[in-house]
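Let's take a walk through this structure together, one region at a time. Have the sequence and the 3D view open side by side as you read.

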Amino acid sequence: MDCISNKDYRDKNYRKEIEKYVKSHLSDKRWNHTVNVVSEAEKLCQMYGGDMEKCVTAAIFHDVVKELPNEELNALVRKFGFDEKYIDSPNLSHGKIAAALLKHEWGIDDEDIINAVSYHTTGRAGMSKTEKIVFIADAIEPTRVYNGVEAIRKATYEDLDRGCLKSLTDTVEHLKEKGVSYIDEDTLRAREWFEEQIDDFRKERDGNHMNSKDYALLAAETLDSKKAEDIIIFDIAEKSSIADYLILATGLNERSVGALIDEVEDRLAQEGLLVKSIEGKKESGWILMDYGDIIVNVLTAEKRDRYNIEKVWADCNTLSWEVKGNE
Ligand SMILES: [Fe+2]
Ligand SMILES: [Fe+2]
């Protein structure tokens with residue numbers, strides 16, 4: 001077949017042609033696996049909003065050379081100029097070779113599809129959704145029965161990244177147990193990358209497990225770093241049912257009161273706590289933020305003197321905190 005390019009993977013008839021070619025190059029067992037990877041990928045596309053046509057095209061082709069004899073695989077590794085590490089290493093080379101055939105002999109230029117085929121065994125750092133879906137569909141399609149596959153399936157249906165991470169981690173452990181000394185760099189980097197992704201995800205979702213005291217301290221620190229003065233955190237939990245902590249701070253003028261409120265709102269939101277309501281206009285010189293468990297009051301010195309809120313809470317304990325100084 002000549003080198004062609006720019007073929008449309010969204011063209012159903014062309015995909016049928018590819019499918020026919022793959023089927024004619026595989027045993028019934030391997031073809032059955034391929035069909036199952038395709039349907040697993042379709043299912044995951046629906047769950048996670050993946051690109052169905054991309055995933056299906058990659059899934060159809062991913063194992064096309066899996067059953068070629070070793071010498072033929074080696075010849076293809078040389079033909080496409082791949083690294084020597086792929087010689088006599090069919091497990092690692094079959095994805096790379098399939099990707100090159102799909103690109104150069106079937107004219108599929110879409111990088112996402114090519115990468116999904118190329119990295120279907122190893123994974124890699126920075127995988128796209130298409131790559132993740134094909135990678136994990138290959139690992140969990142219904143006829144797969146290896147040790148631990150159920151846990152990987154469960155993780156995948158809860159969270160695509162967690163499923164991929166579990167599969168990569170199990171692969172690395174399994175290879176180590178088998179005494180394999182060489183583990184592909186892409187697999188190791190992919191595992192690290194997913195660990196980072198999932199950490200971020202967890203932080204975002206759980207807001208770092210901070211309690212109302214942590215948030216009150218963070219609000220005070222934020223105010224302090226932005227030049228607010230006379231910051232006091234009252235522990236009002238015992239005296240009042242309205243909140244656990246009440247924070248008072250003075251801003252230089254009306255404008256700075258507004259700016260301080262914005263800072264606190266942004267900083268606490270970064271840690272997962274969203275303000276319930278904000279009372280008082282920016283130019284009024286007194287703004288109150290209600291977070292449910294904590295209340296933040298920022299006032300000008302003039303307003304603070306006039307309303308003397310301190311007096312209301314004078315018999316409450318205050319929370320001591322470390323003044324770090326202005327930014
Ligand atoms: Fe494979
Ligand atoms: Fe496969």
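Asn 308 sits in the loop between helix H13 (301–307) and helix H14 (309–312). In this predicted model, the phi angle of Asn 308 is near 40°, a positive value in a residue other than glycine. Is Asn 308 buried, partly exposed or exposed? With a relative accessible area of 34%, Asn 308 is partly exposed, because the partly exposed class covers what falls between under 20% (buried) and over 50% (exposed).

Asn 308 is part of domain 2 (210–318), and the protein chain also has a domain 1 (12–206). If you take the centres of domain 1 and domain 2 over their C-alpha atoms, 52 Å separate them.

While you are looking at domain 2, find helix H11 (residues 212–225) and helix H12 (residues 254–270), which pack with their axes 9 Å apart and at an angle of about 140°. That angle makes H11 oblique to H12, because only angles over 145 degrees would count as roughly antiparallel. The crossing in which H11 passes H12 is right-handed.

Now move over to domain 1 and to another pair of helices, H4 and H5. What angle do H4 and H5 make where they pack? The angle is about 55°, and the axes of H4 and H5 are 10 Å apart. H4 and H5 are therefore oblique to each other, since 55° does not fall under 35 degrees, where helices count as roughly parallel, nor in the 65 to 115 range that counts as roughly perpendicular. This time the crossing, that of H4 and H5, is left-handed.

The loop between H4 and H5 is worth a pause. Asp 88 is found in this loop, and although Asp 88 is not a glycine, it has a positive phi of about 55°. Gly 81 also has its place in the loop between H4 and H5. Gly 81 is exposed, with a relative accessible area of 58%. Try tracing the chain from Gly 81 to Asp 315: these two are 234 residues apart along the chain, and 79 Å separate their C-alpha atoms.

From the loop, step into helix H5 itself, where you will find Ala 100. Ala 100 is buried, at a relative accessible area of 10%. The C-alpha atoms of Ala 100 and Asp 170 are separated by 28 Å, and the two residues are 70 residues apart along the chain.

Helix H5 (residues 90–104) also holds His 94, and His 94 brings us to the metals. Which protein residues are the donors of the iron ion (ligand 1)? They are Asp 63 (OD), His 94 (NE2) and His 120 (NE2), lying 2.1 to 2.2 Å from the ion. Along the chain, these donors follow the spacing D-x30-H-x25-H. Asp 63 lies in the loop between H3 and H4 while His 94 lies in H5, so this pair ties together parts that are 31 residues apart in sequence. Both ends of that tie are buried: Asp 63 has a relative accessible area of 2%, and His 94 has a relative accessibility of 1%.

Asp 63 has a second partner too. Asp 63 bridges the iron ion (ligand 1) and the iron ion (ligand 2), which lie 3.4 Å apart. The iron ion (ligand 2) is coordinated at 2.2 Å by His 33 (NE2), His 62 (NE2), Asp 63 (OD) and Asp 138 (OD). In sequence, the donor residues of the iron ion (ligand 2) are spaced H-x28-H-D-x74-D. Here again a pair of donors spans the chain: His 62 lies in the loop between helix H3 (52–61) and helix H4 (70–79), and Asp 138 lies in helix H7 (residues 129–140), so the pair ties together parts that are 76 residues apart in sequence. His 62 is buried, with a relative accessible area of 0%, and Asp 138 also counts as buried, at 7% relative accessibility.

Why is the arrangement around the iron ion (ligand 2) irregular? The 4 donor atoms subtend angles of 81 to 175°, which makes the arrangement irregular. Four donors count as tetrahedral if all angles lie between 85 and 135 degrees, so angles of 81 to 175° do not fit that class. For reference, the ideal angle for four tetrahedral donors at a metal is 109.5 degrees.

Definitions and conventions
Residues numbered from 1 in each chain as written. Chains lettered and ligands numbered in written order. Predicted model: local features only at pLDDT ≥ 70, side-chain atom pairs only at ≥ 80, totals over all residues. Heavy atoms only, no water. Domains from an automatic or database assignment. Donors = N, O, S within 2.8 Å, 3.2 Å for Na, K, Ca; no water. Tetrahedral: all angles 85-135°; square planar, octahedral: opposite > 155°, others 65-115°. Helix = DSSP H or I, 4+ residues; strand = E, 2+ residues; numbered from the N terminus. Buried < 20%, exposed > 50% of the residue type's maximum accessible area, 1.4 Å probe, protein only. Axes fitted to C-alpha atoms, helices over the stretch in contact; angles between N-to-C directions. Left-handed = near helix turned anticlockwise from the far one by under 90°.
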